[in-house]
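Trainee: Please take me closely through a single part of this model, one pocket and the elements around it, with the cut-offs behind each term.

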Amino acid sequence: MTTKEKVFKILFDAVDYVNGEEIATVLDISRTSVWKAVKALEKDGVLIDSVKNRGYKLIAGDLLNANEIVEKAIDVKNVKITPESASTQADAKKDLEENTLYLANAQEQARGRFGRSFYSENGRGIYMSLVIKPHVKFSDMPQYTVLTAAAVVQAIQNLTGIDTQIKWVNDIYMNGKKLAGILTEAQTDVESGTVTDVIIGIGFNFAIQNFPDDIKDKVTSLFTQHPPITRNELIAEIWNQFFYLLDKDYLKIYKDHSLVLGREVSFEQNGEEYTGKAVDLTDKGELIIDTDQGQKIISSGEISLSKW
């Protein structure tokens, strides 16, 4: 455990201010080392109040801990935390280490589906990408986006009791606002026709209190006050659910948490605009919609709810 991690644990466990001299004595380090550790924590997005003659107090934020995640996430073999990352998807694509999770406190060039930007705030969100190597034909590949969405909502429910919904196909919503997004990318071996690598990225608003004006009415955060759980705990639970549900009926969980099934949606297909009622999902996660022009099945693209 690093000095930064040790100082964080002391502040996390404390109910009030902790004097810097006391921290230095407990850890057998200098006051200067304590100050440097506090500054390092603040750089990671941890909010710490400092008062003369009283010491330090943890106000908000937590510290990503690779060892803790590996210990709790059974099938994640390695965790790599990049202090400053353009995007964890790019980090993952660069290494492509199997069952390795790439994490960042914030992302400078975070992108979702269709190249859309995803707002990130240092130390207040979960920004991660997992590399798996299925080595299966594309037609035999699990519906990883559907699976991941099911894992996210199940993990949130398990740890907090909070019910969240899935907006087809890859967005997690809470109280009618976007909470998280999922981006799944695959690489294929042309000669064998098999999917060799899958990179699953998740951008998650964990404890963001203030969003930019242009998106504040459309997005939300899981917590706005001091979270009862840490990011490490939720990260581990998401991937535990992911691997647990891999050979289970994750489509049922997806349907049970669907934001769109049974509701009127609009979409575009082959250049034509349609409106209809989303009635079901196929085994492949495709959306079945009843329209005045007949039943339509869409496997990709964007849908809009007619009424929120």
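Mentor: What follows describes one pocket and then a charged pair on one of its strands. The model is predicted, so local features need pLDDT of at least 70 and side-chain atom pairs count only at pLDDT 80 or more, whereas totals for chains, interfaces and linings use all residues. Residues are numbered from 1 along each chain as its sequence is written, and side-chain values use heavy atoms, without hydrogens or water.

The second largest pocket (an open set of points on a 1 Å grid over the protein atoms alone, where a 1.4 Å probe fits, with protein on both sides within 12 Å along at least five of seven lines) holds about 600 Å³ of space, a volume being the space filled by probe spheres set on points joined across faces, edges and corners. Its lining, meaning residues with an atom within 4 Å of a point, comprises 21 residues, and Phe138, Gln143, Thr145, Lys284 and Ser299 lie nearest the centre. By class, that lining has ten nonpolar, eight polar and three charged residues, where Ala, Val, Leu, Ile, Met, Phe, Trp, Tyr, Cys and Pro count as nonpolar, Asp, Glu, Lys and Arg as charged, and the others, Gly among them, as polar.

Helix α6 (144–160) and strand β9 (177–189) each supply at least two lining residues, these elements being DSSP runs numbered from the N terminus (helices H or I, at least four residues; strands E, at least two). The most comes from β9, with four residues.

Strand β9 also contains Glu185, which forms a salt bridge (a side-chain nitrogen of Lys or Arg within 4 Å of a carboxyl oxygen of Asp or Glu) with Lys93, the closest N and O atoms being 3.0 Å apart. Lys93 sits in helix α5 (residues 88–95), so the pair, 92 residues apart, links distant parts of the chain. The structure holds 18 salt bridges.
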